[in-house]
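Trainee: Got a minute to walk me through this one? I'd like to start with what packs against what.
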Amino acid sequence: MNVRTSTAPKLLRPGGLREFVRLAAEATAVGIFASLALLVAALFIATAEAATPDAPSTGTLLLRAGDSSIPAPLVATDVRISVSGIVARTHVSQRFMNPGDDWREGVYVFPLPESSAVDHLQVRIGERRIDGQIRERAQARNAYEQAKQEGRKAALVEQERANLFTTSVAPIGPSEEIVVEIEYQQTLRYDSGLFSIRFPMAITPRYIAGSPGEQAPGGTGTAQDTDAVPDASRITPPVLHPDHGKVLPVTLRVDLDAGFALTSVRSRYHDVKIREGVDGRYAVELDGVVPADRDFELEWQPDVGRGPGAAVFTEARDGKTYALLMMLPDTGDVVQKRLRREVTYVIDTSGSMAGTSIVQAKAALLYALDRLAPGERFNIIEFNSRSRPLFDVPMPVDPATLGRARSFVTGLKADGGTEMRQALALALAPPRTEGFVRQVVFLTDGAVGNESELFSLIRERLDDRRLFTVGIGSAPNSHFMTKAAQFGRGTFTYIGDAREVQERMAALFRKLESPVLTDVAIDWPAGTDAWPKVIPDLYAGEPIVITAALGGVDRDVSLRARHGDKPWHATLPLAGNGTASGVGALWARAKIEALADAQIAGANADDVRAEIVRVALAHHLVSKHTSLVAVDVTPTTPAGVAAVKTAIPGNLPTGQEFEAIFRGLPQTATSASRDLLFAIVALLAALAVLGVTRGGVRPRIQA
């Protein structure tokens with residue numbers, strides 16, 4: 001018996017035509033079956049996607065569940081900000097309401113200022129109050145999960161990024177309301193004669209770089225965890241389509257006690273009611289309820305000659321004295337020649353910039369081009385899913401290069417992903433050019449999840465450059481903007497409205513073109529632990545802001561620096577200054593931030609984690625490794641009933657285009673229905689392979 005394989009075409013063999021007809025019939029049947037199965041899968045996704053909201057008709061957000069729609073838990077937020085001097089204390093109340101008939105667990109991802117020191121949590125259920133306790137993150141999560149399983153009320157506040165937090169609350173009974181109260185401290189921003197405070201309300205959907213991981217997602221977000229962003233599912237909350245209206249109503253009030261007379265108080269992006277009280281105090285309140293779809297910013301200007309040149313606030317706590325120092329150096333009216341600059345402008349043209357953001361960014365960049373002078377050099381790099389430089393290398397400023405640049409900018413459109421790393425690498429690649437001060441101006445909304453990777457790149461390749469970030473849009477990623485500027489030894493600027501492009505860019509370019517204080521050093525009393533350790537270069541109109549655990553208050557603080565090519569110095573007494581609560585928490589927050597930065601710079605991760613936990617527990621602060629948890633003692637859920645976990649959608653920030661954003665985001669959604677679709681497709685592929693195998697080249701046994 002001989003065994004051999006026939007390689008002749010079947011149609012040339014006996015019975016080949018009959019076999020071809022049979023195979024064609026089988027292929028047709030498989031194709032029809034595949035089409036029907038895919039249609040069923042598509043219908044399943046359309047009706048069973050639990051994170052897809054229905055259009056609300058009565059003010060209630062509805063979620064799809066099978067063939068019916070169920071009311072989703074709602075969140076209403078009330079904000080009370082109390083400003084005293086240069087410190088603000090903010091109280092945030094999140095009111096979770098369950099209008100449905102099921103028991104629910106609400107998961108709400110929300111922004112806070114990147115400098116906030118979150119130190120208080122309380123849960124209110126009717127007249128009962130449950131205070132939160134700080135614990136290591138895993139311990140807090142375990143306590144929350146155990147309480148949830150036992151049917152006891154619990155709330156958990158976790159930090160995902162310095163400006164991004166998650167509140168989980170369960171169980172929320174039918175028609176029940178639970179209030180989660182969070183408090184935090186922060187310092188004010190001072191720039192070019194204006195004090196300001198910013199309360200973020202919305203999250204721009206973040207682009208997630210990297211390849212999807214194999215682990216189950218750790219959060220309820222719309223993106224899958226990747227090798228570049230291992231917590232992507234925790235920082236990508238679902239977003240309500242604008243056609244479905246607005247959710248997350250917010251009320252807000254600021255009680256302002258600046259400590260000196262003011263010439264103006266104004267809200268940048270919201271209508272407010274302003275009332276002046278006694279002793280120069282102000283009450284500022286939103287004019288009605290607003291949706292959480294853009295950041296709130298309030299700014300005020302000191303009366304000329306009345307604002308403090310320096311301020312020190314202290315707090316005695318647990319046997320230590322903590323100090324917060326802010327000093328605006330008087331650099332005098334020395335006129336120096338304009339710096340000879342080599343500037344690289346990087347502009348984000350990804351999908352999240354579509355709408356008003358790209359209009360603002362292009363206007364800002366065209367204004368920047370107008371400020372260039374002969375003898376300088378420049379380049380422009382745009383990026384979305386890929387990066388594209390205008391020139392191969394920075395070119396001299398002349399009418400021809402500026403003409404090409406203006407045409408390049410005018411033709412830019414926003415679409416695609418946010419692959420930021422390549423653009424940064426290109427901007428930081430050119431070698432040094434003698435006689436030039438090198439600057440990088442980065443215009444973006446910062447909507448990325450791989451911030452740490454980008455910070456490492458900036459730190460490694462900055463060389464002698466300075467990186468200046470310009471936050472574009474109604475809800476930029478302030479954590480990325482501020483830290484990128486810090487690692488880049490530059491400054492950051494926000495542009496939230498097209499009408500303020502010229503004003504904000506003019507202020508930025510005064511810094512770029514003005515002399516700076518360099519080599520800043522501070523001489524503290526012995527034993528003082530001050531943060532940051534290294535003071536960045538200071539640009540015109542910027543203050544020195546330092547927090548310290550003092551070794552003593554019996555002597556002055558001495559500051560030294562260079563102003564141009566001349567030495568500069570100042571002294572400031574520590575004794576006899578005002579007191580303020582929360583300074584210790586602000587010091588601890590600054591130290592935790594510095595420890596996290598040290599890990600980016602290569603410090604041992606285990607050592608950094610242990611020290612962050614020690615500081616955060618001592619000062620009752622939420623951090624990357626500690627969380628606040630509040631647990632009730634009495635079960636309220638009926639036996640055998642489990643709370644259904646629900647991710648609460650947010651609003652798309654004002655001015656952004658939903659389709660443009662999500663067209664550019666990676667397709668890494670984590671819904672079970674999509675997994676089912678993939679399973680069906682895999683099954684169909686297997687059936688198709690089986691069909692081909694049955695009708696393809698097969699061994700033939702002949703006698």
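Mentor: Sure. Contact here means heavy atoms within 4.5 Å, and keep in mind that this is a predicted model.

Trainee: OK, so what is methionine 201 in contact with, leaving aside its neighbours within four places in sequence?
Mentor: Quite a list: Pro111, Val250, Leu252, His270 and Leu286, then Val290, Pro291, Ala292, Asp293, Arg294, Asp295 and Phe296.

Trainee: And which residues touch the most other members of the largest nonpolar core?
Mentor: Met201 is one of them, along with Val83, Phe199 and Trp300, in a core of 78 residues. Helix H9, residues 583-600, gives the most to this core, with 8 residues. There's also a second, separate core of 39 residues, with Ala364, Leu365, Ile472 and Ala506 among them.

Trainee: Switching to rings, how many aromatic pairs are there?
Mentor: The structure has 16. Take tyrosine 367 and phenylalanine 509: the ring centres are 6.5 Å apart and the planes sit at 55°, so that pair is tilted.

Trainee: Where do those two sit in the chain?
Mentor: Tyrosine 367 is in helix H3 (residues 356-370) and phenylalanine 509 in helix H8 (residues 501-513), so the pair links distant parts of the chain, 142 residues apart.

Trainee: Is tyrosine 367 buried or exposed?
Mentor: Buried, because its relative accessibility is 17% and the cut-off is under 20%. Phenylalanine 509 is buried too, at 0%.

Trainee: Last one: what sits over the ring of tyrosine 494?
Mentor: The charged end of arginine 198, 4.1 Å from the ring centre. Lysine 533 lies over the face of tryptophan 531, at 4.7 Å from the ring centre.

Notes. Residues are numbered from 1 along each chain as its sequence is written. This is a predicted model: local features need pLDDT of at least 70, side-chain atom pairs count only at pLDDT 80 or more; totals for chains, interfaces and linings use all residues. Side-chain values use heavy atoms; hydrogens and water are left out. A nonpolar core is a set of buried Ala, Val, Leu, Ile, Met, Phe, Trp, Tyr and Cys residues joined through side-chain atoms within 4.5 Å. Buried means under 20% relative accessible area, exposed over 50%, partly exposed in between (1.4 Å probe, protein chains only). Helices (H or I, at least four residues) and strands (E, at least two) are DSSP runs, numbered from the N terminus. Rings of Phe, Tyr and Trp (its six-membered ring) pair if their centres lie within 6.5 Å; planes under 30 degrees apart count as stacked, over 60 as edge-to-face and the rest as tilted. A charge sits over a ring if NZ of Lys or CZ of Arg is within 6 Å of the ring centre and within 35 degrees of the ring normal.
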